[in-house]
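Me: I am new to this structure and would like a close look at one part of it. Could you take me through the salt bridges, and tell me what each partner's surroundings are like?

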Amino acid sequence: MTAAPGYAPRRTLPLRVEMVRQFKRRRTLVMFGLLLALPWILVIAFQFGPQGPDNGQGLRLSDLATASGLNFAAFALSVSASFLLVVAVALFCGDTVASEASWSSLRYLLAAPVPRDRLLRQKLIVALGYSAAAVICLPLMALLAGTVAFGWDDIQVPGTGETIPALAVLPRFGIVIGYALVSQLVVAALAFLISTVTDSPLGAVGGAVGLWIVCTILQAVEALGALREFLPTFWNNAWIDALAPELDWSGMAKGASISITYAAILIAVAFRRFRRKDVVS
């Protein structure tokens, strides 16, 4: 059986087309609007709320949020990384295939014909791209909002109150954002896997978020001992070590290796299952 004249599998479903399709979705615009608005909402909350203590000893990250723009950006990332960013990543990666199935358009995409592996790969690349944009835009907007509201000053380290020059910390802030991206890979891969086995976008997104919450709860069970270190949520806040006076890579290295390993396994399972999936039923 020969292919139709002019048919080239590599030209089906271009990334540009998929990016535009996903960008026009209402959930994409709403989610990015929320992520960009959150830092300014936090600024307003701090402006109207009671002022925290002035000394820098034994303070939490929330107590130092108004010390500088960098402190505020670190605080905004810490309060959003465990839930809001998880929801955003799960939304972009969990909705991408399941929504096509729910609209009954998945079978027509494959009948175009778009090879199954290519369809999944294109959708995964676009979903990861929007997820990365979501994780990056929030701390950057928080840095802008914090600098406008609280000024550009040296960062104070939580717990000790030590001060680190802002220009010295700025490159480390890139490490913080990079680690936040890597730590969300598990959520992305899990949501993507569920999206390939269900035609319910809400089920894919909710399933990934729910399993992440379960891991967060298990993380608090001290009876599990060292087993907790294998939970993807255990190292979720290891990026704080990048803002310490002495940069410590150990926690971030362990967290990144666990996140990448889980993500690779889940994505491989997603591709394997989708190759055999009956998209007509």
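Reply: Happy to help; here is a walk through the salt bridges, pair by pair. This is a predicted model, where local features need pLDDT of at least 70 and side-chain atom pairs count only at pLDDT 80 or more, while totals for chains, interfaces and linings use all residues. Residues are numbered from 1 along each chain as its sequence is written, and side-chain values use heavy atoms, with hydrogens and water left out.

The whole structure holds five salt bridges (a side-chain nitrogen of Lys or Arg within 4 Å of a carboxyl oxygen of Asp or Glu). One of them joins Arg21 to Glu18, with the closest N and O atoms 2.8 Å apart. These two sit three residues apart in helix 1 (residues 15-23), so about one helical turn separates them. Helices here are DSSP runs (H or I, at least four residues), numbered from the N terminus. Glu18 is buried, at 0% relative accessible area, whereas Arg21 is partly exposed, at 31%. Buried means under 20% relative accessible area, exposed over 50%, and partly exposed in between (1.4 Å probe, protein chains only). Glu18 and Arg21 also belong to a salt-bridge network with Lys123.

Next, Asp95 meets Arg27 at 3.1 Å, N to O. Asp95 is in helix 4 and Arg27 in helix 2, so this pair ties together parts 68 residues apart in sequence. Asp95 is buried, at 7%, and Arg27 also counts as buried, at 14%.

Finally, Arg275 pairs with Asp117, their closest N and O atoms being 3.0 Å apart. This pair links helix 10 with helix 6, across 158 residues. Arg275 is partly exposed, at 47%, as is Asp117, at 29%.
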